[in-house]
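Reader: I should like to understand how the terms used for a protein model are justified. Please set each value against its definition.

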Amino acid sequence: MKERWKCFVNKKNLRKWIICIAGAFLGGMILSMGYAGAQYLREGGAHEQRTVEASDIQCDKVTVEDGNYHISGDESKLTITFPEKTYISKLKYAYAVPEYTKSKVKVYVSNIYGDTEEREITDWYKNILSHSTINIHARVEKIEFDFAGLEFGIDAADFTIDNGFDWNPFLALFLMAVIFLGLYLAMFKRENAKYPEAALFVSILIISTCMLVMEPPTIVGWDEQIHIMNTYKLSPGEMTGNKALDNFQVHANWFSPEQMASFDEHVEEIHRTNEMGSIATSAVAKKNRFLSSIGYVFQILFLKAGLALHLPFYICWLLGKFSNVLLYALGMSVAAAILPIGKKIFSVIAMAPTALFISICYTYDVTVTVFIAIGISIFLKMLLSKEKASMKWKVLFVVCMAVGCMPKAVYAPLMLLGLMIPCEKYESKKSCRIYRGVLILGFLMLMSSFVLPVLLPHSGGGTVVAGDARGGDTSVTRQMAYVLGKPFAYAVVLIRNVWDTLVDYTIGTAVFGTMGYVGTITPPVIFSVIAVVTAVTDSYREERLDKLSGRHRAGIVISIVITIALIWTALYLSFTEVGKTQIAGVQARYYLPFLFLLYVCLQNSKIKCKVKAENYQMAVMLLTGGFMFWQIFVYFILARIV
């Protein structure tokens with residue numbers, strides 16, 4: 001660690017750090033100001049903020065009273081017509097709704113040829129907000145609001161054209177992050193080639209933190225509403241809920257990327273989250289601690305720290321998420337430092353959009369991925385090193401695998417990878433037998449936490465184990481009867497489901513490009529190509545290493561196959577309706593903890609990459625980092641500025 005620190009932080013590199021920081025700050029400010037200036041110039045002379053005249057607003061089945069427009073039915077329409085085409089940067093108006101809803105807005109604008117064309121926009125309304133902002137940035141002929149499908153009334157008022165110089169701090173922060181990471185990877189390419197884990201740490205920290213700041217204060221990831229409540233329920237001491245937390249639960253599955261259409265609404269939602277977070281509701285019921293609780297430790301610590309310091313609730317909310325960002329950045333860089341081979345492809349997989357998105361969510365998946373990744377790195381180091389496996393590495397392997405598998409015991413077969421370490425790597429045959437016994441015992445203990453709750457009630461004929469209610473008509477006990485009663489039929493069901501998803505779950509969009517409720521990466525094929533090409537060409541490895549033999553690869557594949565079978569079986573029992581042959585609930589992100597091992601098995605010692613390590617490292621990190629920044633721009637920036 002001391003050598004790494006000296007390599008990056010010294011008098012010689014001080015100038016580089018100054019250039020990176022100053023260049024990022026100035027570049028972000030200049031470019032964001034330049035964009036605001038360009039929009040200002042596009043307005044021509046219409047630099048004003050003015051209220052839309054009542055005479056320009058036509059209503060159909062809308063009640064008007066003292067400047068307030070009450071939309072009561074799904075056949076209601078409201079149209080704003082301008083006598084002359086008017087340049088509008090933003091259209092703002094106040095509203096009040098009893099519940100979340102939306103409307104279709106048709107904006108008739110002048111295109112680049114001067115002809116009128118129609119844009120259709122979905123305007124989303126939240127009962128916690130009171131203002132809507134529609135970005136237009138064009139000369140407008142008329143605007144139509146269509147409330148088809150409306151289930152309850154909306155009150156609207158104060159339609160305002162908002163033109164003028166509008167600097168966007170979120171755009172500035174995004175540009176600063178992009179410029180800083182680009183300068184860092186280019187200027188420290190020699191240092192990063194020597195210590196690739198440093199490049200990985202900085203890249204994950206910068207990109208994930210940027211995405212975290214850009215996301216709205218709401219539920220955007222898989223089952224986040226469950227994980228945030230678990231964080232509260234497992235926290236020591238009495239925890240009190242608040243209105244913001246209640247709102248997250250009520251509208252957990254309502255989020256759509258189309259909602260991120262305005263930074264003005266984003267800022268208002270932050271203020272409202274803070275206001276609601278200060279209004280206490282009821283005490284949160286405590287939850288018994290169990291094995292998966294270890295996956296919440298860091299989130300609990302950071303969230304509790306924020307609450308103890310009486311920080312605004314939005315900041316506390318971010319702190320809990322940032323704990324996963326920090327854990328992921330540190331953990332994956334540690335794993336990369338230990339790895340004797342495949343550091344580049346490991347970095348690519350660690351920076352996959354799905355993986356980075358998970359790191360900004362409330363979830364225990366980050367703990368699972370990080371500790372299993374470190375365990376796999378230690379395994380490969382012990383397996384391929386010509387030296388004997390030290391007690392330190394053997395103990396750390398067991399500990400990391402145990403911690404990684406506690407939240408999800410289906411990964412327990414990966415602990416058996418340690419059985420592949422040759423006997424000659426131990427001090428004696430006795431120590432080899434003892435260690436292998438420990439591995440098997442650890443595997444059985446982890447599996448017991450997964451298997452016993454299912455088997456014992458079934459074998460005893462008493463208690464019925466229920467499934468996950470979200471899956472429909474589920475029952476673990478009844479489903480287990482199919483598995484045990486017709487094992488060969490279930491084997492066919494399992495193999496067919498795994499085979500049908502194999503490509504997408506190991507190389508496709510599902511494993512690399514899904515970002516919760518935010519959406520799917522675009523274009524998805526690019527990241528898959530980066531991953532495969534890197535896996536095949538990443539021939540850089542430490543000196544004095546044994547080769548990864550065919551027997552080693554076979555053992556790795558067998559462990560992964562057993563793990564995959566357990567993942568699908570677990571969801572078949574708990575999440576799939578009884579008797580169905582299509583297994584529900586299995587997501588490609590469950591493959592992420594062991595995906596690197598599959599890609600390592602693709603490597604061929606006959607393929608040698610002759611590109612300088614420093615240039616190869618820089619190119620890989622720039623490609624993956626740049627691709628991820630593009631996704632952040634498309635989903636979190638672009639819709640809010642155009």
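Reader: Which residues of helix α14 are buried, and what makes a residue buried?

Author: Buried means under 20% relative accessible area, exposed over 50%, and partly exposed in between, with a 1.4 Å probe and protein chains only. The buried residues of α14 include Trp393, Lys394, Phe397, Val398 and Cys400. Lys394 has a relative accessible area of 3%, so it is buried. This is a predicted model, in which local features need pLDDT of at least 70 and side-chain atom pairs count only at pLDDT 80 or more, while totals for chains, interfaces and linings use all residues. Residues are numbered from 1 along each chain as its sequence is written, and side-chain values use heavy atoms, with hydrogens and water left out.

Reader: How do you know that the span of α14 agrees with its number of residues?

Author: Helices (H or I, at least four residues) and strands (E, at least two) are DSSP runs, numbered from the N terminus. The expected span of a helix is 1.5 Å times one less than its number of residues. Helix α14 covers residues 391–405, which is 15 residues, so it should span 21 Å; the end C-alpha atoms are 21 Å apart, and the two values agree.

Reader: Why is the contact of Lys394 and Glu427 called a salt bridge?

Author: A salt bridge is a side-chain nitrogen of Lys or Arg within 4 Å of a carboxyl oxygen of Asp or Glu. For Lys394 and Glu427 the N to O distance is 3.2 Å, so the pair meets the definition. Lys394 lies in helix α14 and Glu427 in the loop between α14 and α15 (429–460), so the pair ties together parts that are 33 residues apart in sequence.

Reader: How many salt bridges does the structure hold, and what does the one between Glu191 and Lys16 tie together?

Author: The structure holds 15 salt bridges. The side chains of Glu191 and Lys16 meet at 3.4 Å, N to O. Glu191 lies in helix α4 and Lys16 in helix α2 (residues 11–42), so this salt bridge ties together parts that are 175 residues apart in sequence. Glu191, at 10% relative accessible area, is buried, whereas Lys16, at 21%, counts as partly exposed.

Reader: What makes β5 and β8 a pair of strands?

Author: Two strands pair if DSSP finds at least two bridges between them. Strand β5 (residues 77–96) and strand β8 (residues 131–146) have 13 bridges and run antiparallel, so they count as paired. One of the bridge partners is Ile143 in β8, which faces Ile80. Strand β6 (residues 101–110) is joined to β8 by six bridges, also in the antiparallel sense, and Val109 stands opposite Val140 in β8.

Reader: What makes the phi of Asp66 and the peptide bond between Thr522 and Pro523 worth noting?

Author: Most residues other than glycine have a negative phi, and most peptide bonds are trans. The phi of Asp66 is near 50 degrees, a positive value. Asp66 lies in the loop between β3 (62–65) and β4 (68–71), and its relative accessible area of 74% makes it exposed. Thr522 and Pro523 are joined by a cis peptide bond, with omega about -15 degrees. Pro523 is in the loop between β13 (519–520) and α19.

Reader: Why is Val525 called exposed?

Author: Val525 has 53% relative accessibility and therefore counts as exposed. Val525 lies in helix α19 (residues 524–537).
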